Amino acid sequence: MYASGKYSSRGPALIPRMKTKHRIYYITLFSVVLLGLIATGMFQFWPHSIESAADWTLDKRSVHDAPLVRLPVSSPIPERGDLSCRMHTCFDVYRCGYNPKNRIKVYIYPLQKFVDELGVPISSTGLSREYNDLLSAISDSNFYTDDVTRACLFIPSIDVLNQNSLRIRETAQALTMLPRWDKGMNHLLFNMLPGGPPDYNTALDVPRDRALLAGGGFSTWTYRQGYDVSIPVYSPLSADVELPERQPGPRHYFILSSQTAIHREYRAELERLKEENGEALLLLDKCSNLSQGVASARKRCYKGQVYDYPQILQESSFCVVLRGARLGQAALSDVLQAGCVPVILADSYILPFSEVLDWKRASVVIPEEKLSEMYTILKSIPHRQVEEMQRQARWFWEAYFSSMKAIGLTTLQIINDRIYPYAARTYEQWNNPPVVKWSSVNSPLFLPLIPPRAPGFTAVVLTYDRVESLFRVITEISKVPSLAKLLVVWNNQNKSPPEGEKKFKCPECTAIDGLSLDQTHMVERSECINKFASVFGTMPLKVVEHRADPVLYKDDFPEKLKSFPNIGSL
Amino acid sequence: MQAKKRYLILLSAGACLVLLFYLGGVQLPAASRSRHDRSRNGYRPDQPWPHFSDPLHLFLPWDQTDTEEYNLHISPRHKRDVNTSVYKGKRCRMDSCFDFSLCQKNGFKVYVYPQQKGEKISESYQNILSTIEGSRFYTSDPGQACLFVLSLDTLDRDQLSPQYVHNLKTKVQNLPLWNDGRNHLIFNLYSGTWPDYTEDLGFDIGQAMLAKASISTENVRPNFDVSIPLFSKEHPRTGGERGYLKYNSIPPFRKYMLVFKGKRYLTGIGSDTRNALHHVHNAEDVVLLTTCKHGKDWQKHKDARCDKDNAEYDKYDYKEMLHNSTFCLVPRGRRLGSFRFLEALQAACVPVMLSNGWELPFSEIIDWNTAAVIGDERLLLQIPTTVRSIHQDKILSLRQQTQFLWEAYFSSVEKIVLTTLEIIQDRVFEHGSRSSLMWNSHPGGLFALPQYSGYLGDFPFYYATLGIKPYPKFTAVIHAVSPLVSQSQPILKLLVAVAKSQYCAQIIVLWNCDKPLPAKHRWPATSVPVIVIEGENKVMSSRFLPYETIVTDAVLSLDEDTVLSTTEVDFAFTVWQSFPERIVGYPARSHFWDSNKERWGYTSKWTNDYSMVLTGAAIYHRYYHYLYTNYLPTSLKSMVDQLANCEDILMNFLVSAVTKLPPIKVTQKKQYKETMMGQSSRASRWADPDHFAQRQTCMNKFASWFGAMPLVHSQMRLDPVLFKDQVSILRKKYRDIERL
């Protein structure tokens, strides 16, 4: 812009000296050049405005416009996941390389529509809204790169969240068609409902070579620790229902069971618990005679009485989350959202994000076999611990469960932490809710150490221009045996510090007392304190009523035998 | 036509410029800068993942129909049984290879097989076994046991080693309680031998758990095996050396940035990384030295670099480097783990791990990112850049954490073994297990017993971390040993004075007197509840029982003849609120090393320092009652009971072992000393010449059990802010303390 302005100012100065015939010709030519320049300038300065216009046209795009890819019957099938895969064996770390931000670059494949030779799609649903949300969130995040050559992690746009809607073999074939598949190296798949009848495997059945799996429902036998990521099963109620956060504390019910497909053996067990403990337990089931049009997912019943789900979860201290055909249950998300402490009964289940989240502070895990002892176990938990767990549960939901975005970005952060472990998020960052982060005190010198005397101390003396006073301080302090170094900070620009070893006599200085008694001085200092407290957002200073003295301070004891006899004798 | 020419030139120049801009060969500096800024802010110029406008299918996570179908065909119990029978051997997990029912009745008890005649046991393994036998988990009755430990030495399974035990397979199979290794724990330090060093132990371990050094992530069975550190024969059985960090220096950089000194393997497994180290060595602050001189015939394999490397190697002293480096490289050796790991940890030299696939020691509970840098062998060349990029605040914290972890879990065989057992116990009783915070912050998992409470705020250690405060009141526990005969007895005065404290919630009188309980009306009327408890067996240790009636975090422990004013109590309690993990009290005592007798000495003289505060008048956290009762061995507690002495010394040992800090003495009225040592019932106890000698003996006995002297000296006394200052007494809040 600056350049073009310069040209236009020079132009008119020359023009009057020309013949009119040529003038029009040149003016036209010149304005073309000018326009070109301006356009260039625009292009350079606001490139994104132009591209976002292109984006806008993309926005209009429909999933049906995705290019069609026909899978030949004979196209290769990846190997089943290798259970021994770990980051150092199956992950190509060179693709991530060293970067000062310690952040991995993630590439998302453009959407394609895979069909078999007969034109039947590999998935009955195609791209789901949730997977679309997940991919958009990643593409909006700092992890995203559109440069496939710089990517460290690749995410296929093939939606495998729900295995039920997939044709296993064809989906696997589609994966190998991805241009950078390379045995699944550095590829990440998201799956929340794994397995199918009759066995319901606990990991996605689609063969996937070395691809990492972010799975919701791993058991200890399918989860490759340090390689896969255990994720929650997203509950759409997270987005549909707003449950206000409630203060931790006792609730109307002690234990609530709200799942509808509980095995009859377990339901019988729960009924027995209910008989023994009465009102403290509420056992809900699905409603048998709901009027048409009422979303059955949002109602629960007990003996004909109808309750709103998930709102009812907020009325209980503990909420049972039992395994179903699968280990991962969407109910866990609802329970956390309600700030109800989940009681998880799903043997061998790998809890969501267990690599970084400390579930012991937010949940109770009980072996399925001990369902009958649940009440006794929960009763033994101190009230204050229950409250902490309620708060912690809600925080986990807000930070890590509440949206597909939260789930996706948490997964990427976990993988990022593995690749740059020295820059990994800390336990406190992952687990402390904001209220704790604000109020907790974590000293940078946390090791209980009593340092030896040998290194001594450094005295730092701030001075302005009261040289007499300064020299008096220096003389006194240099008598101290453990003084290692004395540092004088000369805080006066108008005067250079005194040189040499001039001898000063101590004058009668009363200035110090005068200073602190000065009324304006005190007012100023009060203002400082208020200003600092407002910047800190809280008052970090603490009041104590004690003072440290030597053990024998002012004791009726021979002064000679005291280590610090002169203290307090001023 | 000069002007025309000029115009033509100008025009063509302009056109060229435009062309250049379009081709992108020249960019306006402003524009290129702004683009750069955007990328730094995380802005991306485009967003190829489109926001699809058409309605998409919803993901429905409810597997209700699946589950209903599934439930029809399967019984949960049956399903569990199937898992148990399928997942064996390499796929063992607690769910499939461990019998939880053995632990239900008697809790977590560990049985050690009796040692068989003629079986050699290495010193290290002997240390492991005696640690277990001396621990509170031990049982000599296999019928009570939850976990079984072999008396056959399985530590060294390298066939070429002299410690190798032969025919282990048959010996193990013949054990009557073996039961295919179910609920057995096998310790191992070395497995496999040259050249491939496999992780197989050379006998069928069945369903037994492994506590093994150098275990790999591929072979470790998650939450079943335990990765333990490699330790040497010289590793002390108990106690152990402190960490080398004596004080924090800021900035935290040391003479060297990164060091290593060790063998280089010319061939075979584990040689790659060490062979490449010289690329990173710069002989200045990154000093990585290797030698080829090891083994019998190194000359045969020696390569071109050997002589140069060997010469450089001899120039540096390992110890000097270890203590003067910020980071210490810990590359894999033949096996994944190496001694260097523990050496670096103790030396407060932050370990930089280069051992791909090593399941780090106790990785189930320790967050190693807080104390080490986990490098990748494949990225060796990036290591110097990586460690240089670590901020000094982080280095300071990493370094302190090395010291915490070393002292909490690694400094002795005892700690390593107990940590292993506690990890397994936490799995067995999962709903009452430690959170990661308890394992990874001071004082560590061995001192934070989850059976006491699952709530972190019930412990004295986590208030600051959680941003909470202890309960603002205390419970007084008065230890009564003499019968109530007159209304002027000190105990009654004490009761009244303590009850007047604004912080007093309740008073418990522990009746450890042989005479029957006095009638209720004999106790003075107070504003706080007075609860009288009849002491269990009337023994000394009962004063430290974790009574359920103690509902406050703070306990004010009192002897019956203690003389205290309400002001003194109030002041001590406000001090305790600032130091809830320490003992805060009045009369103090000190220990010293008597070099003539080569033993610890005890002194009650007024000196300039102290290391103990008597629990006849002290405030501390109620958790220490639990710890005293459940952590300390019966041998020490019964010694205290038999002597009816030393309980206060033992409590001070315990608290200082936990906190690594001295107790806190607060100021007291001077008359206190006289009463303490003078008249009344207590006199008999203190006047007894044996009493003092007993206390010396106790000190030495306790120190030997702790493996070291945990007491720490202090020269500090805490006084009220205006204590004995030359200001009007009316301005002082705790003026009674100064008045005689």
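Colleague: Which side chain of chain B meets A:Arg326 in a salt bridge?
Modeller: The model is predicted. A:Arg326 lies in the loop between β12 and α9 of chain A, and its partner sits in the loop between α2 and α3 of chain B, so the pair joins two chains. The N to O distance is 3.4 Å. The partner is B:Asp63.

Colleague: Are A:Arg326 and B:Asp63 buried or exposed?
Modeller: Buried means under 20% relative accessible area. Both A:Arg326 and B:Asp63 are buried.

Colleague: How many salt bridges does the structure hold over all chains?
Modeller: Some link up into a network, including one that takes in A:Arg384, B:Asp458, B:Asp553 and B:Arg622. Over all chains, the salt bridges number 49.

Colleague: Why are A:Arg394 and A:Glu398 separated by about one helical turn?
Modeller: Their side chains meet in a salt bridge, 3.1 Å from N to O. Both residues belong to helix α11 of chain A, residues 383-401. They are about one turn apart because their spacing in that helix is four residues.

Colleague: Is A:Glu398 buried or partly exposed?
Modeller: Its partner A:Arg394 has a relative accessible area of 9%, so A:Arg394 is buried. For A:Glu398 the value is 36%. Partly exposed covers the range between 20% and 50%. A:Glu398 is therefore partly exposed.

Colleague: Which residue forms a salt bridge with B:Arg305?
Modeller: The closest N and O atoms are 3.4 Å apart. B:Arg305 is partly exposed at 25% relative accessibility. Its partner counts as buried at 10%. That partner is B:Asp309.

Colleague: Why is strand β24 of chain B largely enclosed by the rest of the structure?
Modeller: The strand spans residues 716-720. β24(B) is largely enclosed because, of its five residues, those buried number four.

Colleague: Which strand of chain A pairs with β24(B)?
Modeller: Within chain B, β23 pairs with β24(B) in the parallel sense over two bridges. There B:Lys665 stands opposite B:Arg717. The chain A partner runs antiparallel over five bridges, with A:Asp549 opposite B:Arg717. That partner is β17, residues 546-550.

Colleague: How much space lies in the largest cavity?
Modeller: The structure holds nine cavities of 30 Å³ or more. The largest is lined by 14 residues, and those nearest its centre include A:Leu447 and B:Phe404. By class, the lining is eight nonpolar, three polar and three charged. The space in this cavity is about 130 Å³.

Colleague: Where does UniProt place the feature "domain: Exostosin GT47" in chain B?
Modeller: The entry is unreviewed. Over the annotated stretch the chain is 20% helix and 18% strand, with the end C-alpha atoms 50 Å apart. UniProt places the domain at residues 105-390.

Conventions. Residues numbered from 1 in each chain as written. Chains lettered and ligands numbered in written order. Predicted model: local features only at pLDDT ≥ 70, side-chain atom pairs only at ≥ 80, totals over all residues. Heavy atoms only, no water. UniProt positions renumbered as here; feature names shortened; annotations may be inferred. 1 Å grid on protein atoms, 1.4 Å probe; cavity = no way out; pocket = protein on both sides within 12 Å on 5 of 7 lines; lining within 4 Å. Points joined across faces, edges and corners; volume = space filled by probe spheres on them. Nonpolar A, V, L, I, M, F, W, Y, C, P; charged D, E, K, R; others polar. Buried < 20%, exposed > 50% of the residue type's maximum accessible area, 1.4 Å probe, protein only. Pairing = 2+ DSSP bridges. Salt bridge = Lys/Arg side-chain N within 4 Å of Asp/Glu carboxyl O.
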